[in-house]
Structures are given as C-alpha cells and as structure tokens.
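Me: I'm a first-year student and new to protein structures. Could you explain the terms as we go and show me how each label is earned?

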Amino acid sequence: VQLQASGGGLVQAGGSLRLSCAASRRTPLSTYTVAWFRQAPGKEREFVGGLGRRFGSGGTTSYADSVKGRFTVSRDNAENTVYLQMNNLESEDTAVYYCAAKYTRSPAIAVATLASTYDAWGQGTQVTVSS
C-alpha cells in the first residue's frame, strides 16, 4: 500500500491541526492497522497513536500517554483516509509526523506501537508548534 501524508504546518501553542494519511482506492485502509509516529530532531521515532482494523468505520485505538486526551485518530472509509486530529498542541509536539500501515487479519488484534512492525510508510509531514 502506498500512503500519502499531509496537513502539517506551523501553529501556535494551544492550536489545532489535522493530519491526513491517504491510500490509493485499490487498497482499502479498513483492512489495515494505521498508526502515526513522529520524530523530533535528535530523537528516535516514537509512536503517537493508531487505529486498528474494523469492519466499517472506527476501530480499536491506542495513544501515547503524552497525547492522550489531545489527539484523536479516525478513519473515513469513503475517502480511504486516516486522520490524526491534534488539539491543544504544545511545543513538545514539534516533529516530523509519519503515517504507517500494516495489513491486519482480525479486528481483535491490538494496535502495534513498534515502528519496525509496520511495512508501509508515508512521507513525513512537518508539524511546528511555536510557543
């Protein structure tokens, strides 16, 4: 599956951004676990949040503690797109954000948080939060 990430930009602390991760219509993202990772300068890539497979919209979700209550991952099957809604952004959220996907057989499988388990990646999109 080929992924296209977009939506990054410059925002003030406390503001919001929505990132998009789109796939070609030949590959339904509803059959994949899709996750967002980020990498700040000098730091390792870290898990942000993810959405598991589910029939129809939605799916099980998982979030890093640092973004719980502020970030939401959602899916639009009609658009074949997964979103990362980021609210109440902090300067520590500044990073390049990547979406990643892995085919998942069952909706019962939990969202993986390890980057190496994902085999499809979108290009990064820069998010900069000014304080």
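**Salt bridges**

Reply: Happy to! The side chains of E90 and R70 form a salt bridge, with 3.9 Å from N to O. This pair ties distant parts of the chain together, 20 residues apart: E90 is in the loop between β8 and β9, and R70 is in the loop between β6 (61-63) and β7. Residues are numbered from 1 along each chain as its sequence is written. The model is predicted, with local features needing pLDDT of at least 70, side-chain atom pairs counting only at pLDDT 80 or more, and totals for chains, interfaces and linings using all residues, while side-chain values use heavy atoms, leaving out hydrogens and water.

Me: Why is the contact between E90 and R70 called a salt bridge?

Reply: The term needs a side-chain nitrogen of Lys or Arg within 4 Å of a carboxyl oxygen of Asp or Glu. For E90 and R70 the N to O distance is 3.9 Å, so the pair qualifies.

Me: How many salt bridges does the structure hold?

Reply: There are five. Among them is R38 with E46, at 2.6 Å from N to O, and D65 with K68, at 3.2 Å. R38, E46, R70, E90 and D93 are linked in a network of salt bridges.

**Buried or exposed**

Me: What makes R38 count as buried?

Reply: Buried means under 20% relative accessible area, exposed means over 50%, and partly exposed is in between (1.4 Å probe, protein chains only). R38 has 6% relative accessibility, so the label is buried. The salt-bridge partner E46 has 37%, and therefore counts as partly exposed.

Me: What about E90 and R70: buried, exposed or partly exposed?

Reply: R70 has 10% relative accessibility, so R70 is buried. E90 has 32%, so E90 is partly exposed.

Me: Why is D65 called exposed?

Reply: D65 has a relative accessible area of 64%, which is over the 50% limit, so exposed is the right word.

**Strands and turns**

Me: How do you know that β7 and β8 pair?

Reply: Strands are DSSP runs of E with at least two residues (helices are runs of H or I with at least four), numbered from the N terminus. Two strands pair if DSSP finds at least two bridges between them. Six bridges join β7 to β8, so the two strands pair, and they run antiparallel. One of the partnerships is F71 with M86 in β8.

Me: Which other strand is joined to β8 by six bridges?

Reply: That is β3 (residues 17-23), which runs antiparallel to β8. Here L17 stands opposite M86. As for cover, five of the six residues of β8 are buried.

Me: What makes N80 worth a look?

Reply: N80 is not a glycine, yet has a positive phi of about 55°. N80 sits in the loop between β7 (71-76) and β8 (81-86). The two strands form a hairpin with four residues between them, and N80 is in the turn. With a relative accessible area of 6%, N80 is under the 20% limit and therefore buried.

Me: Which residue in the loop between β8 and β9 has a positive phi?

Reply: N88 does: phi is near 50°, and N88 is a residue other than glycine. N88 is found in the loop between β8 and β9 (95-103). At 45% relative accessibility, N88 falls between the two limits, so the label is partly exposed.

**A polar contact**

Me: Why is the meeting of P28 and T31 called a polar contact?

Reply: A polar contact is a pair of N or O atoms within 3.5 Å; within protein, one must be able to donate a hydrogen and the other to accept it, and residues adjacent in sequence count only if both atoms are side-chain atoms. The backbone oxygen of P28 lies 2.8 Å from a polar atom of the side chain of T31, so the distance fits. T31 is in the loop between β3 and β4 (32-39), and is buried at 18% relative accessibility.
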